[in-house]
Amino acid sequence: MSQVSKPLPHPAPEWHLSEGKIAYPDALAAMEERVLAILAHRAGELVWLLEHPPLYTAGTSAKAADLLNPAFPVYEAGRGGQYTYHGPGQRIAYVLLDLNQRGKDVRAYVHQLEEWLIRALARLDVTAVRREGRVGLWVPRPDGSGLDDKIAAIGVRIKRWVTFHGISLNVAPDLSHYAGIVPCGIREHGITSLQLLGKVHDMASVDAALKAAWGEVF
């Protein structure tokens, strides 16, 4: 009797950590270049960990009315979604995967990103949840109001089935900087961070949690 062979696990992507604050146009250019290299089989998959200086990005669904007070530079991101903020104290993870090798299913990929964050946040003693109709990860308020606060955003772009952009996780950013936009077009819910929740973690601990959770999902 022949045995059913199990699919081979995917090789782990390269993980790269950038020190300092990476200018947004430089990050976009670097991602575009890496995507082309992956498509040409000149480079492998990548998870890029970094921080940006304070800025706003506009996704392909951004509405002009949601840009309230642009106190920081505003960049067209080319990813899905609306306006979001990036800045110091926020862990950005740009995820460049070849879905030609992992299954051409965008919805499943976004679900994997969410699950990755849920598991990483659990390691940091935070229970985050999905919400129907709202992309990203949310922490329910303990006051019984039924409202949530967003702790992580997700925005992706795909070129010939290679992904780029990715996730942003609020570790200890200046949350007042969100006042310049309606984050992701959602007015009735708020924004939170690990710091605001009383979970004091440095970036190294956050990165370790992200790396530990990766293999459980991808």
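These legends describe close-up views of a predicted model.

**View 1. The largest pocket and the residues that line it.** The largest pocket of the predicted model has a volume of about 400 Å³. Its lining is made up of 27 residues, and those closest to the centre of the pocket are Arg79, Gly80, Gly81, Ile154 and Gly155. Two or more lining residues come from each of strand 5 (83-86), strand 6 (90-96), strand 8 (134-140), strand 9 (148-159) and strand 10 (162-170). Strand 9 contributes the most to this lining, with five residues. By class, the lining of the largest pocket holds 11 nonpolar, 13 polar and three charged residues.

**View 2. The largest cavity and its lining.** Across the whole structure, a search finds one cavity of 30 Å³ or more. The volume of the largest cavity is about 60 Å³. It is lined by Thr84, Gln90, Lys150, Ile151, Ala152, Ala153, Ser168, Asn170, Tyr178, Pro183, Cys184 and Ile191. Strand 9 and strand 10 are the elements that give two or more residues to the lining of this cavity. The largest share, four residues, comes from strand 9. Seven nonpolar, four polar and one charged residues make up the lining of the largest cavity.

**View 3. His52 in the loop between strand 2 and strand 3.** The loop that holds His52 runs between strand 2 (46-51) and strand 3 (55-58). His52 counts as buried because its relative accessibility is 0%, and the cut-off for buried is under 20%. Two polar partners of the His52 side chain are shown. A polar atom of the His52 side chain lies 2.5 Å from the backbone oxygen of Ile22. The side chains of His52 and Tyr94 are joined by a polar contact of 2.8 Å. Ile22 and Tyr94 also appear among the residues in contact with His52 when neighbours within four places in sequence are left aside. The others in that set are Lys21, Ala23, Tyr24, Ala27, His86, Gly87, Pro88 and Ile92.

**View 4. Helix 3 and its two ends.** Helix 3 (106-123) precedes the loop that leads to strand 7 (129-131). The helix has 18 residues and spans 26 Å from its first C-alpha to its last, close to the 26 Å expected at 1.5 Å a residue. At the N-terminal end, Asp105 caps helix 3, with a side-chain oxygen 3.2 Å from the backbone nitrogen of Arg107. Just after the helix, Asp125 takes a positive phi of about 70°. The buried residues of helix 3 are Tyr109, Val110, Leu113, Glu114, Glu115, Trp116, Leu117, Ile118, Ala120 and Leu121.

**View 5. Ala128 in the loop between helix 3 and strand 7.** Ala128 is buried because its relative accessible area is 7%, where buried means under 20%. Not counting residues up to four places away in sequence, Ala128 touches Ile118, Leu121, Leu137, Trp138 and Ile151. Of these residues, Ile118 and Leu121 are also buried residues of helix 3, and Ile151 is one of the residues lining the largest cavity. The C-alpha atoms of Ala128 and Ala152 are separated by 9.1 Å, with the two residues 24 apart along the chain. Ala152 is another of the residues that line the largest cavity.

Note on methods: Residues are numbered from 1 along each chain as its sequence is written. This is a predicted model: local features need pLDDT of at least 70, side-chain atom pairs count only at pLDDT 80 or more; totals for chains, interfaces and linings use all residues. Side-chain values use heavy atoms; hydrogens and water are left out. On a 1 Å grid over the protein atoms alone, a cavity is a set of points where a 1.4 Å probe fits but cannot get out, and a pocket is an open set with protein on both sides within 12 Å along at least five of seven lines; lining residues have an atom within 4 Å of a point. Grid points are joined across faces, edges and corners, and a volume is the space filled by probe spheres set on the points. Ala, Val, Leu, Ile, Met, Phe, Trp, Tyr, Cys and Pro count as nonpolar, Asp, Glu, Lys and Arg as charged, and the others, Gly among them, as polar. Buried means under 20% relative accessible area, exposed over 50%, partly exposed in between (1.4 Å probe, protein chains only). A polar contact is a pair of N or O atoms within 3.5 Å; within protein, one must be able to donate a hydrogen and the other to accept it, and residues adjacent in sequence count only if both atoms are side-chain atoms. Contact means heavy atoms within 4.5 Å. The expected span of a helix is 1.5 Å times one less than its number of residues.
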